[in-house]
Amino acid sequence: AIHDKSRRADKALVTIDCAVLPETLIESELFGHEKGAFTGAAGRKPGRFELASEGTLFLDEIANLSPEVQKKMLRFLEERTISRLGSKELLAVDVRLITATNLNLTEAVKNKLFREDLYYRLNVFSINLPPLRERGSDIKLLFEHYKSKFAKELHKKDMKMTEEAAGALMSYGWPGNVRELRNVAERAVLLADDAIDISHLAPILKSAEAAHSAKAEYSAELGLLSVGKTASAEAERTIIGRILQETKGNKAET
């Protein structure tokens with residue numbers, strides 16, 4: 001949204017998740033490399049900074065960057081230049097940098113896990129995204145979005161939701177935030193035929209509530225046998241849900 005509303009909207013929006021790439025590859029992905037820079041570097045490759053020239057580069061989970069990459073990132077912010085791996089040539093790049101992290105960078109700086117100078121250079125303007133439980137009005141809106149998305153992907157009609165199901169969504173704490181809501185929506189669409197009701201949400205919502213409820217009283221009736229049956233049923237639901245997804249909702253084939 002920031003990119004689309006900016007003067008750079010007609011240029012590239014390049015994204016990279018710093019958490020999914022190994023440390024040995026992240027530097028090459030960001031800054032590029034020259035032929036022979038390392039084993040397997042068969043030719044010159046531009047990095048994400050170059051690909052985002054005059055546009056926007058979004059770095060997700062920036063707290064995962066190694067100290068060496070943090071150092072090169074700081075140099076870019078101070079000089080607006082980069083150098084490919086295996087090259088001493090400095091390349092000027094005009095890129096708007098947006099970063100995100102789910103960690104507390106202030107604490108990371110205190111624990112010497114993130115460079116203090118880089119933190120202050122990045123933190124020119126910050127946006128704090130509150131957890132989903134503090135954005136009640138967004139819950140149903142996001143669920144409706146994902147419900148329609150998955151219905152289309154699974155070639156099913158866009159189902160309505162019962163009031164009971166809507167109430168369960170609103171009263172739940174969502175410890176996993178939007179990712180958890182997305183998974184709940186996908187599973188509900190997989191299981192439902194005509195309308196999404198509480199039964200299509202209960203397996204996930206109830207098990208998650210129980211796992212996050214430290215004050216729940218232990219009942220003598222919930223012995224080892226009962227716990228085993230519950231775990232077995234949940235495992236069965238998970239497997240069926242996965243196969244349903246693979247067969248695109250075809251229950252007969254599943």
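A residue is called exposed when its relative accessible area is over 50%, buried when that area is under 20%, and partly exposed in between. With these words in hand, the reader can go through the model above, which is a predicted one.

A good place to begin is V124, which lies in the loop between α5 (116–122) and α6. The relative accessibility of V124 is 72%, so this residue counts as exposed. V124 also belongs to a nonpolar patch on the surface, which has an area of about 500 Å² and is made by I2, V124, F125 and I127.

One member of that patch, I127, leads on to the largest pocket, whose volume is about 1,800 Å³. This pocket is lined by 42 residues, and those closest to its centre are F58, T99, A100, T101 and I127. Two or more lining residues are given by each of the elements β2 (56–60), β5 (96–99), α4 (105–110), α5 and α8, and β5 supplies the largest share, with four residues. Sorted by class, the lining holds 22 nonpolar residues, twelve polar ones and eight charged ones.

Charged side chains are the next topic. Side chains of opposite charge can pair when their charged atoms come close. In this structure there are 16 salt bridges, and a few of them can be followed one by one.

R115 pairs with D117 in a salt bridge whose closest N and O atoms are 2.8 Å apart. Because its relative accessibility is 29%, R115 counts as partly exposed, and D117, at 34%, likewise counts as partly exposed.

Another salt bridge joins the side chains of K157 and D194, with 3.7 Å from N to O. K157 lies in the loop between α6 (136–153) and β6 (160–161), while D194 lies in the loop between α8 (177–191) and β7 (195–196), so this pair ties together parts that are 37 residues apart in sequence. K157 counts as exposed at 51% relative accessibility, and D194 counts as exposed at 59%.

The loop between α8 and β7 also holds D193, whose partner K251 lies in the segment after α10 (224–246), so that these two residues tie together parts that are 58 residues apart in sequence. The side chains of K251 and D193 meet in a salt bridge with an N to O distance of 2.8 Å. K251 has a relative accessible area of 44% and is therefore partly exposed, and D193, with a value of 44%, is partly exposed too. Elsewhere, salt bridges link E34, R44, E50 and R84 in a network.

The last stop is the backbone. Most residues other than glycine have a negative phi. Against that background, E61 deserves a look, for this residue is not a glycine and yet has a positive phi, near 55 degrees. E61 lies in the loop between β2 and α3 (67–79), and, because its relative accessible area is 12%, E61 counts as buried. H155 is likewise not a glycine, and its phi is positive, at about 60 degrees. The loop between α6 and β6 is where H155 is found, and K157 lies in that loop as well. With a relative accessible area of 65%, H155 is exposed, whereas E61 is buried.

Methods:
Residues numbered from 1 in each chain as written. Predicted model: local features only at pLDDT ≥ 70, side-chain atom pairs only at ≥ 80, totals over all residues. Heavy atoms only, no water. Salt bridge = Lys/Arg side-chain N within 4 Å of Asp/Glu carboxyl O. Buried < 20%, exposed > 50% of the residue type's maximum accessible area, 1.4 Å probe, protein only. Patch = residues over 30% accessible without salt bridge, like charges linked within 9 Å, V, L, I, M, F, W, Y side chains within 5 Å. Areas by Shrake-Rupley, 256 points an atom, 1.4 Å probe, with all protein chains shown as cover. 1 Å grid on protein atoms, 1.4 Å probe; cavity = no way out; pocket = protein on both sides within 12 Å on 5 of 7 lines; lining within 4 Å. Points joined across faces, edges and corners; volume = space filled by probe spheres on them. Nonpolar A, V, L, I, M, F, W, Y, C, P; charged D, E, K, R; others polar.
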